[in-house]
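This report looks at selected features of one structure, from the layout of a chain down to single rings and peptide bonds. The sequence and the coordinates are shown first, and the description follows.

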Amino acid sequence: MIVSRRRLIGMGAGAAGGLLLSGCDRLNESPAVRDGLASAEGLTMRSQRLLMGDALAREFTEAEMSPTFRVNGSARVEDSAYRRLLANQFAGWTLQVGGLVHRPLALSLDALKAMPQRTQITRHDCVEGWSAIGKWQGPQLGAVLGAAGLLPNARYVVFHCADVLDGKPYYESIDLIDAFHPQTILAWRMNDVPLSEGHGAPIRLRVERQLGYKHAKFVMRIEVTQSLAALYGGKGGHWEDYRGYQWYAGI
Amino acid sequence: MSLPPAPHQDEAPAPRAGDLVKRHALVTRLWHWLNAITLAVMLMSGLMIFNAHPRLYWGHYGANSDPAWLDLEKVNGGIPFPGWITLPSHYSLADARLWHLAFAWALVLGLLGYLGWALVSGHLRRNLAPKLGELAPAHLWHDLKQHARLRFPTGAAALSYNVLQKLAYGAVLVVLLPGIVLTGLAMSPAMDAAWPWLVDLCGGRQAARSLHFLCAGALVLFFLVHIAMVLLAGPINEVRSMLTGRYRLPPDRKDAP
């Protein structure tokens with residue numbers, strides 16, 4: 001009697017668990033549920049922006065740096081043009097700046113190095129959960145955009161990258177608030193040496209108040225746009241389009 | 001004929017064993033069930049997020065080549081928490097974050113609302129804060145022994161929380177839930193710019209992640225004890241009191257000393 005009751009309870013618990021599990025997964029797949037959950041992203045962005053204003057991300061001392069800064073995402077770029085540039089230390093390479101600007105630019109690595117530089121030791125937070133502290137140097141993105149001159153309808157800055165992930169070109173985007181933040185730089189130097197391929201040579205975006213996947217590596221072209229809808233999957237970035245990550249990655 | 005004692009002369013007669021009495025305010029009941037859903041979602045999606053990097057560190061930084069105090073990378077092929085306990089049940093960091101970061105708002109707003117109400121209404125001071133005498137070691141020891149023997153308060157004594165309940169509910173309300181929210185915020189690069197003191201208070205971002213995980217573990221422990229106590233104390237009466245607010249005072253034990 002007791003055994004059969006136990007079995008009954010066990011079966012009931014198993015069935016309830018199974019229902020709950022399949023119910024959760026069904027909810028997870030429902031577009032209406034997903035849209036509802038995703039609406040929290042806007043609330044989070046507005047709240048965080050309100051609380052942080054122009055505040056700077058923490059900057060650390062050299063003694064606080066990670067002994068090893070791991071490579072993540074694309075570690076190697078297969079594109080043959082990129083490989084030739086890499087072999088020549090990016091001599092002859094230029095960063096294209098275009099879209100909604102008064103003066104489209106083509107900036108060589110030397111030109112980027114000749115601009116006023118910002119050096120910052122910051123913490124890089126991966127969406128997966130790990131953190132590494134490294135030293136980054138490069139011109140501020142705001143200065144580059146200032147040199148190009150934004151048109152009045154400019155809203156977003158899109159970074160087109162040389163790497164291809166899962167068969168799709170990598171790209172990322174930020175809005176003008178982050179683009180003109182003083183710590184948003186186009187880093188060509190990391191831990192006192194030119195960027196390695198694994199860390200995004202020739203330049204990598206640093207947008208210090210957001211998670212790692214926003215920090216686009218191998219940046220080839222910067223495009224200023226009014227909207228993100230017409231680009232690739234329309235959600236403003238590779239991870240946003242194909243993996244469902246939030247466009248605003250402040251948390 | 002002797003008169004019965006009348007301790008509450010201006011009020012209704014003191015409730016006695018067997019009476020159906022008002023026990024939980026509507027606000028408490030609403031918040032309780034909101035939490036039941038919210039914390040389940042937060043835990044299940046949180047375990048999926050943990051699966052994305054199943055290592056924990058102290059300090060500001062921490063990645064694969066740094067020493068971890070907890071390393072579950074070798075467990076279950078690198079996915080230590082299995083599908084039956086995660087949301088979603090298949091590996092998806094993106095989907096887990098979608099749930100976690102949306103329900104975090106329900107947790108935060110519910111907690112702020114309830115804490116505000118508990119402070120203003122006096123619930124915190126009157127019903128949840130232990131009285132000085134209750135914290136005396138002898139009293140604590142007595143209540144612990146009674147609980148271990150599954151001898152729960154009866155009659156009018158069951159109307160107010162005993163000291164172990166006060167400590168457990170109080171710890172959840174003012175330590176664990178605020179702690180899990182604050183350690184969660186301390187993992188946000190944006191919040192660390194806004195409130196640098198918060199991540200410092202935690203001892204760094206990776207320490208905040210560890211504390212977040214430990215707070216979640218403590219809440220799971222609370223949940224298990226809570227469910228066990230509800231089952232042992234009479235599940236129908238307990239669940240009814242959390243649904244309707246009305247609770248039948250347990251009869252005195254025949255063998256009570």
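The model is predicted, and every value below is computed from it.

**Tyrosines and aromatic pairs in chain A**

A:Tyr213 has a relative accessible area of 6%, and because buried means under 20% it counts as buried. A:Tyr245, at 11% relative accessibility, is buried as well.

Over all chains, a search of the whole structure returns 18 aromatic pairs. One of these joins A:Tyr82 and A:Phe90 in an edge-to-face arrangement, with 5.6 Å centre to centre and 65° between the planes. A:Tyr82 counts as buried at 1% relative accessibility, and A:Phe90 is likewise buried, with a relative accessible area of 6%. A further pair, formed by A:Tyr213 and A:Tyr245, is tilted, with 4.9 Å centre to centre and 40° between the planes. This pair links distant parts of the chain, 32 residues apart: A:Tyr213 belongs to the loop between strand E10 (204-206) and strand E11 (219-225) of chain A, whereas A:Tyr245 belongs to the segment after helix H7 (238-242) of chain A. Ring pairs also connect A:Tyr82 and A:Phe90 with A:Trp93 and A:Phe218, so that the four residues form a cluster.

**Arginines over ring faces**

In chain A, the face of A:Phe60 has A:Arg58 lying over it, at 5.5 Å from the ring centre. Chain B offers another case, in which B:Arg23 lies over the face of B:Tyr247, at 3.8 Å from the ring centre.

**Layout of chain B**

Chain B has nine helices and four strands, and from the N terminus on its elements follow the order β-α-β-β-α-α-α-α-α-α-α-α-β. Taken along the principal axes, the box filled by the C-alpha atoms of chain B is roughly 85 × 40 × 35 Å. The chain has 257 residues, of which 43% count as buried. When contacts in chain B between residues at least 6 apart in sequence are considered, 72% of them join residues at least 24 apart.

**Helix packing and a buried threonine in chain B**

Helix H4 (residues 137-148) of chain B packs with helix H5 (residues 163-186) of chain B at an angle of about 95°, and the axes are 9 Å apart. Because angles of 65 to 115 degrees count as roughly perpendicular, H4(B) is roughly perpendicular to H5(B). On the side of H4(B), the contact is made by B:His139, B:Leu140, B:Asp143, B:Leu144 and B:His147, and on the side of H5(B) by B:Val163, B:Leu164 and B:Leu167. Sorted by class, the residues in the contact of H4(B) with H5(B) are five nonpolar, two polar and one charged.

B:Thr38 is part of helix H1 (residues 26-52) of chain B, and at 1% relative accessibility B:Thr38 counts as buried. With its neighbours within four places in sequence left aside, B:Thr38 is in contact with B:Phe103, B:Ala106 and B:Leu107.

**Backbone geometry**

Most residues other than glycine have a negative phi, and most peptide bonds are trans. The table lists two cis peptide bonds and two residues with positive phi.

| Residues | Feature | Value |
|---|---|---|
| A:Ala201 and A:Pro202 | cis peptide bond | omega about 5° |
| B:Leu87 and B:Pro88 | cis peptide bond | omega about -5° |
| A:Asn191 | positive phi, not glycine | phi near 50° |
| A:Tyr232 | positive phi, not glycine | phi about 45° |

The cis bonds can be placed by their prolines: A:Pro202 lies in the loop between strand E9 (193-194) and E10 of chain A, and B:Pro88 lies in the loop between strand E3 (70-71) and helix H2 (93-121) of chain B. As for the residues with positive phi, A:Asn191 is found in the loop between strand E8 (189-190) and E9 of chain A, while A:Tyr232 is found in the loop between E11 and H7 of chain A. A:Asn191 counts as partly exposed at 28% relative accessibility, and A:Tyr232, at 41% relative accessibility, also counts as partly exposed.

Methods. Residues are numbered from 1 along each chain as its sequence is written. Chains are lettered from A and ligands numbered from 1 in the order in which they are written. This is a predicted model: local features need pLDDT of at least 70, side-chain atom pairs count only at pLDDT 80 or more; totals for chains, interfaces and linings use all residues. Side-chain values use heavy atoms; hydrogens and water are left out. Rings of Phe, Tyr and Trp (its six-membered ring) pair if their centres lie within 6.5 Å; planes under 30 degrees apart count as stacked, over 60 as edge-to-face and the rest as tilted. Buried means under 20% relative accessible area, exposed over 50%, partly exposed in between (1.4 Å probe, protein chains only). Helices (H or I, at least four residues) and strands (E, at least two) are DSSP runs, numbered from the N terminus. A charge sits over a ring if NZ of Lys or CZ of Arg is within 6 Å of the ring centre and within 35 degrees of the ring normal. Axes are lines fitted to C-alpha atoms, for helices over the stretch in contact, and angles run from 0 to 180 degrees between N-to-C directions. Angles under 35 degrees count as roughly parallel, over 145 as roughly antiparallel, 65 to 115 as roughly perpendicular and the rest as oblique. Contact means heavy atoms within 4.5 Å. Ala, Val, Leu, Ile, Met, Phe, Trp, Tyr, Cys and Pro count as nonpolar, Asp, Glu, Lys and Arg as charged, and the others, Gly among them, as polar.
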